[in-house]
Amino acid sequence: MNRAPLIFLGIFFAIAFSWTGIILTNQISYGSLTRYVNPDDGKAYPQASPGEAARGKLVYQDLGCVYCHSQQVRQPGFGIDIERGWGDRGSVARDYVGEQRVFLGSMRTGPDLRNVGARFAGQGGREWHIKHFYDPTITSVDSIMPPHRFLYETRKIVGDPSLKAVQSLLPEKYQPAPGHEIVLKQRGEDLIAYMLSLKDPELYPEEAARVYVPKASPAKKEAAK
Amino acid sequence: MASASQLASSLNPSASPELVKRAELSEIDASTKLPALFFFGSAILWLLAGTVFALLAAFKMHNPALLGDYEWLTFGRVRTAHLNAVIYGWSVNASFGVAFWLMARLSRAELRHSGMLLIAAAFWNIGVTLGIYGILTGDSTSIEWLEFPSYATPLLFFAYALVGAWTVITFRFGRSKHIYVSQWYILAALFWFPWLYSVAQIMLIFSPARGTVQSLVNWWFAHNVLGLWFTPIGLGAVYYFLPKVLGKPIHSYYLSVLGFWSLAIFYNWAGVHHLIGGPVPVWVQTAGITASFMMVIPVIVTAVNHHLTMVGNSSALKYSPTLRFTVFGAVAYTFTSLQGSSMSIRSWSELTHFTHYTIGHSHAGMYAFFTMVMFGSIYYILPRILLKEWPSAKLISLHFWACALGIIFMVLVLSFAGVKQGIDMNSLPIGADGKPGAPAPFLEIVKNTIPWLKLRSYSGILLTIGHLAFAVNFVWMLLKPRPAGATAPTLFRNGPELEVSR
């Protein structure tokens, strides 16, 4: 008896089963999830990133940052991401709908970056990143993140010094030779813009009603005892 | 052992059926010679390249300044180059060679037009080279296990289609009436991989799905490359070499069938366990956990079947290199699969996910199981297609001990590091007042992992020594002249005649 066709059929259905269950079902059920339009300001959330940050995401991708940094805040009660200050709330599927490529990550050699733009914001945040990428141990002693000095350029000052020169932020040992200055390459500017853009909005009403389970307050816990 | 005179006598109609069968196998082996050599040779080159990338990445983790000014050698790229070199370069090349060699033998069919497989091997290796070059120069997609840029993938797909088609054709032309369980595994793997790969390419790169559906596709693919490609090929090889070297049938035919179908049904749902606690629907996480747990069935069934085949023959491990590597791999398969099932438990996943524990687990699977089985297979296959024996038993012994101790050491170190890291990262220490205090500072956790990461690098040096011994023995074997008469297989020590040569 030739059992090859029967074996083949079994092999076919085995994979068809998980493809239908994991991929197709979820694609149908939330593959067309849209942004939430806030009626108060008429804006769609999560907001799209501006051009510089979008280019910075490609730098993040080509340098392989995702292998040490996740971009997902776990829900309260599962890990202590919120206590660590990695976000005000757990991440939900809608946070990612505007992204061409999703970098959830699977490793936390370094901290989660989903809301790094909230932790380091504005000019201070920018300056922190300029120091951090040049040599991570300037801002974070004991860090094992690789230095990213290839995102900077040391060049001779021609005419007036650049307004964008960054060496004043760096410690003594990194000062360039006299007559020279250190500036960020465009890739470096982009990557920092991306870091500053990483920040999830407040929770959307639909998820707040359905998914988000607020942590029991200490008073409630006491009462439960 | 078949000598020239025995081959001649096998042409005699009065010769024993055993001799005729050996002559046939000999011809089948000869038909696979060039493509098998091409695949195994390039596999070994990629193994060495992957080892260099691995060492570099490992040392960079505790010494980030090492070659830190070269953008193309930054950690994120070298680590990715390592993964892709050992997966698509070493492991897939080796599994192709083992798959069609086994298929030809088990189907009792010579490989027809083996030149097509040479073309496939060339395309595959050009594709992998392009892909690694792309990763180092900044074209990585940063999608785990699918980092190759889109200009490398069509070459890989074409090469894959050729290998798959040729293996299936060999099966169709086979004279064997019976379909052995190794053939089931290989045929299934050949069918599953293109499905996985095409869906992943389409839904992640050419027309990306929206939001975290991408993550589901990603882990469905990445875990199934292990479960539906490497595992079936590895198990297929164990199912062949274990009884072959021992010269006795596999313990139970029914257990091997049960093992096959339970693996086929459960493994392909398990990948979602990489997303436990993530922003994907909870029901699909639960399904993934359930499937991960159901994997205990095929794993135990297969382990029992292999163990009962081995029982009473463990002294053969002293002599046969193939058996020693294969049995190490089979035991590691049981360990790593049960470990994987346990890692899907929510509370254990909460702790170990995002830590070095996972890295330890993936090395237990891809190295302690799969790579060791491939080493064993190559030790068996090459003497039969080259018609000469391995030059040095000492080098094989060095290879085995360096790799076996190295990988055990590595998995242990990474597991300890990961559990410590997971506890510190996910718990609030209880203060003197009995209330949970502030979490341990992140940089302190990083600092605590450094000694472990150094130990991991040392384990990598052990593996490197093993790989070099293997490569030297391989090149030496290619270069040494073929002996005129009969030869005895290279064993660790001279013992009773255990290995059936042909």
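**Exercise 1. Describe the overall build of chain B.**

Solution.
Step 1: Count the elements. Chain B has 16 helices and 0 strands. The model is a predicted one.
Step 2: Check the spread. A compact globule of 502 residues would have a radius of gyration near 23 Å, and chain B has 23 Å, so the two agree.
Step 3: Look at the box. Along the principal axes, the C-alpha atoms of chain B fill roughly 90 × 45 × 45 Å.
Step 4: Look inside. Buried residues make up 54% of the 502 in chain B. Take the contacts in chain B with a separation of 6 or more: 82% of them come from residues 24 or more positions apart.

**Exercise 2. Do the same for chain A. What does its radius of gyration say about its spread?**

Solution.
Step 1: Chain A has 8 helices and 4 strands. Read from the N terminus, their order is α-β-β-α-α-α-α-β-β-α-α-α.
Step 2: The globule rule gives 17 Å for 225 residues, but chain A has a radius of gyration of 23 Å. That is well over the rule, so chain A is more spread out than a compact globule.
Step 3: The C-alpha atoms of chain A fill a box of roughly 80 × 65 × 40 Å along the principal axes.
Step 4: Of the 225 residues of chain A, 36% are buried. Residues 24 or more positions apart supply 68% of the chain A contacts with a separation of 6 or more.

**Exercise 3. How do helix 4 and helix 6 of chain B pack: roughly parallel or roughly antiparallel?**

Solution.
Step 1: Find the helices. Helix 4 of chain B spans residues 75-107, and helix 6 of chain B spans residues 153-172.
Step 2: Take the geometry. Their axes come within 8 Å and cross at roughly 15°. Helix 4 of chain B is therefore roughly parallel to helix 6 of chain B, as angles under 35 degrees count as roughly parallel.
Step 3: Give the hand. The crossing is left-handed.
Step 4: Name the residues. Helix 4 of chain B contributes F96(B), A99(B), F100(B), M103(B), A104(B) and S107(B). Helix 6 of chain B answers with V163(B), W166(B), T167(B), T170(B) and F171(B).
Step 5: Sort them. The contact has 8 nonpolar, 3 polar and no charged residues.

**Exercise 4. Which parts of chain B touch chain A?**

Solution.
Step 1: Count both sides. In this contact, 65 residues of chain B meet 59 residues of chain A.
Step 2: List the helices. Several helices of chain B each supply at least two residues, among them helix 3 (33-62), helix 7 (181-206) and helix 16 (442-479). Helix 8 of chain B gives the most, with 7 residues.
Step 3: Sort by class. The side of chain B that touches chain A has 36 nonpolar, 19 polar and 10 charged residues.

**Exercise 5. Find the unusual backbone spots. Is S142(B) buried or exposed?**

Solution.
Step 1: Start with S142(B). Its phi is positive, about 55°, although S142(B) is not a glycine. S142(B) sits in the loop between helix 5 (115-137) and helix 6 of chain B.
Step 2: Count neighbours. S142(B) has 22 C-beta neighbours inside 10 Å, so it counts as buried; the cut-off is 20 or more.
Step 3: Turn to L387(B). This non-glycine residue also has a positive phi, near 55°. L387(B) lies in the loop between helix 14 (356-386) and helix 15 of chain B. With 15 C-beta neighbours inside 10 Å, L387(B) counts as partly exposed.
Step 4: Finish in chain A. Y45(A) and P46(A) are joined by a cis peptide bond, with omega about -5°. P46(A) belongs to the loop between strand 2 (44-45) and helix 2 (51-63) of chain A.

Conventions. Residues numbered from 1 in each chain as written. Chains lettered and ligands numbered in written order. Predicted model: local features only at pLDDT ≥ 70, side-chain atom pairs only at ≥ 80, totals over all residues. Axes fitted to C-alpha atoms, helices over the stretch in contact; angles between N-to-C directions. Parallel < 35°, antiparallel > 145°, perpendicular 65-115°, else oblique. Left-handed = near helix turned anticlockwise from the far one by under 90°. Contact = placed C-beta atoms within 7 Å. Nonpolar A, V, L, I, M, F, W, Y, C, P; charged D, E, K, R; others polar. Rg over C-alpha atoms; globule rule 2.2 N^0.38 Å. Buried ≥ 20, exposed ≤ 12 C-beta atoms within 10 Å, placed from the backbone.
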